Structures are given as C-alpha cells and as structure tokens.
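Work through the exercises below with the structure open. Try each task before reading its solution.

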Amino acid sequence: MRIGELATKTGASTRSLRYYEQHGLISARRESNGYREYDEADVRLVSEIRELLAIGFTLEDARPFVDCLRSGQPTGGSCSGSVEVYRRKIAEIDEEIRVLLARRAEVAAQLKGALQ
C-alpha cells in the first residue's frame with residue numbers, strides 16, 4: 001500500500017509517517033517510480049506508535065515496542081525492553097504527580113493566607 005493508504009488506515013498524516021520512517025521506526029520499500037510501499041505489518045507498527053504517543057510516550061520510547069512487534073510478538077509491550085520503558089514512564093508520571101501535589105498545596109496555602 002502507498003503512504004496515503006497507510007495514513008488512512010492508521011489515522012496518521014503522511015508527514016508523520018515520513019517522520020517515523022526518518023527515525024527508523026517504520027521502513028518503506030521504494031517502487032521503481034520512487035513511491036513508498038508499505039505492507040499490513042506497518043499498519044500495526046504505526047498504530048502502536050500512535051497509541052504510545054497519545055499517552056505521553058516519545059518516539060524514542062516507542063522504539064522497543066516497535067522492535068518487539070517486529071520480532072513477532074503479539075503485542076509491543078510483551079518484551080523486556082518495553083516493560084522497562086513502561087516502568088520508567090510510570091516513575092516519571094509518579095514524580096510529576098508529586099510535583100503537582102506540592103504545587104497545589106502551595107497555591108492552596110497562599111489562597112488561605114489571602115482570604116484571612
């Protein structure tokens with residue numbers, strides 16, 4: 001399938017697909033006329049990338065998930081590299097929550113002082 005069809009099937013823009021390819025997450029074969037050619041496996045890779053980006057992962061975070069799928073695993077999260085990324089991301093989110101709670105407490109204290 002060509003890039004436009006892959007874009008339609010995955011909801012990604014053609015620009016995003018070229019960007020994923022530029023970063024080595026997907027790869028296209030080139031037809032004699034220079035058009036990019038993708039196969040059905042690329043649909044799953046792009047879908048995985050988009051799902052991860054939507055929940056705050058970076059493109060580099062997505063790499064182990066893509067590699068896992070390419071190795072034949074049924075899900076991108078079933079390999080040790082992916083599990084490591086999940087754990088790191090949870091730790092980052094936990095730290096962000098701690099920072100936000102501290103910030104909230106400070107703002108609440110300032111509000112309380114302003115109302116007295």
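Residues are called buried under 20% relative accessible area, exposed over 50%, and partly exposed in between (1.4 Å probe, protein chains only). The model is predicted: local features need pLDDT of at least 70, side-chain atom pairs count only at pLDDT 80 or more, and totals for chains, interfaces and linings use all residues. Numbering starts from 1 along each chain as its sequence is written, and side-chain values use heavy atoms, with hydrogens and water left out.

**Exercise 1. A bridge between helices**

Task: Find the salt-bridge partner of lysine 9 and state which helices the pair ties together.

Solution.
- Start with the rule. A salt bridge puts a side-chain nitrogen of Lys or Arg within 4 Å of a carboxyl oxygen of Asp or Glu. Side chains of opposite charge can pair when their charged atoms come close.
- Apply the rule to the model. The count is twelve salt bridges.
- Pick out lysine 9. Its side chain meets that of glutamate 40, N to O, at 2.6 Å.
- Place both ends. Helices are DSSP runs (H or I, at least four residues; strands are E, at least two), numbered from the N terminus. Lysine 9 sits in α1 (residues 3-10) and glutamate 40 in α3, so the bridge ties parts 31 residues apart in sequence.
- Check exposure. Lysine 9 is partly exposed because its relative accessibility is 43%.

**Exercise 2. A bridge within one helix**

Task: Describe the salt bridge of arginine 63 with glutamate 60.

Solution.
- Take the distance. The closest N and O atoms are 2.8 Å apart.
- Take the spacing. Both residues lie in α4, three residues apart, about one turn of the helix.
- Check exposure. At 24% relative accessibility, arginine 63 is partly exposed.

**Exercise 3. A network**

Task: Which residues do shared salt-bridge partners join into one network with lysine 89?

Solution.
- Begin at lysine 89. Its closest N atom is 3.4 Å from an O atom of glutamate 92.
- Locate the pair. Lysine 89 and glutamate 92 are three residues apart in α5 (residues 80-115), so about one helical turn separates them.
- Compare exposure. Lysine 89 is buried at 12%, whereas glutamate 92 is partly exposed at 32%.
- Extend the chain of partners. Asp61, Arg88, Lys89 and Glu92 form one network.
- Turn to aspartate 61. This residue belongs to α4 (residues 59-70) and counts as buried because its relative accessible area is 7%.
- Add its polar contact (N or O atoms within 3.5 Å; within protein, one able to donate a hydrogen and the other to accept it, with sequence-adjacent residues counted only if both atoms are side-chain atoms). The side chains of aspartate 61 and arginine 88 are joined at 2.3 Å.

**Exercise 4. Two helices crossing**

Task: How do the axes of α3 and α4 cross, and what kinds of residues make up the contact?

Solution.
- Use axes fitted to C-alpha atoms over the stretch in contact, with angles from 0 to 180 degrees between N-to-C directions. The axes of α3 (residues 40-54) and α4 come within 9 Å and cross at roughly 145°.
- List contacts (heavy atoms within 4.5 Å). Residues of α3 including Leu45, Glu48 and Leu52 meet residues of α4 including Phe65, Val66 and Leu69.
- Sort them, with Ala, Val, Leu, Ile, Met, Phe, Trp, Tyr, Cys and Pro as nonpolar, Asp, Glu, Lys and Arg as charged, and the others, Gly among them, as polar. The contact has nine nonpolar, no polar and three charged residues.
- Finish with glutamate 48 in α3. Glutamate 48 is buried, because its relative accessibility is 5%. Its side chain makes a 2.8 Å polar contact with that of arginine 44.
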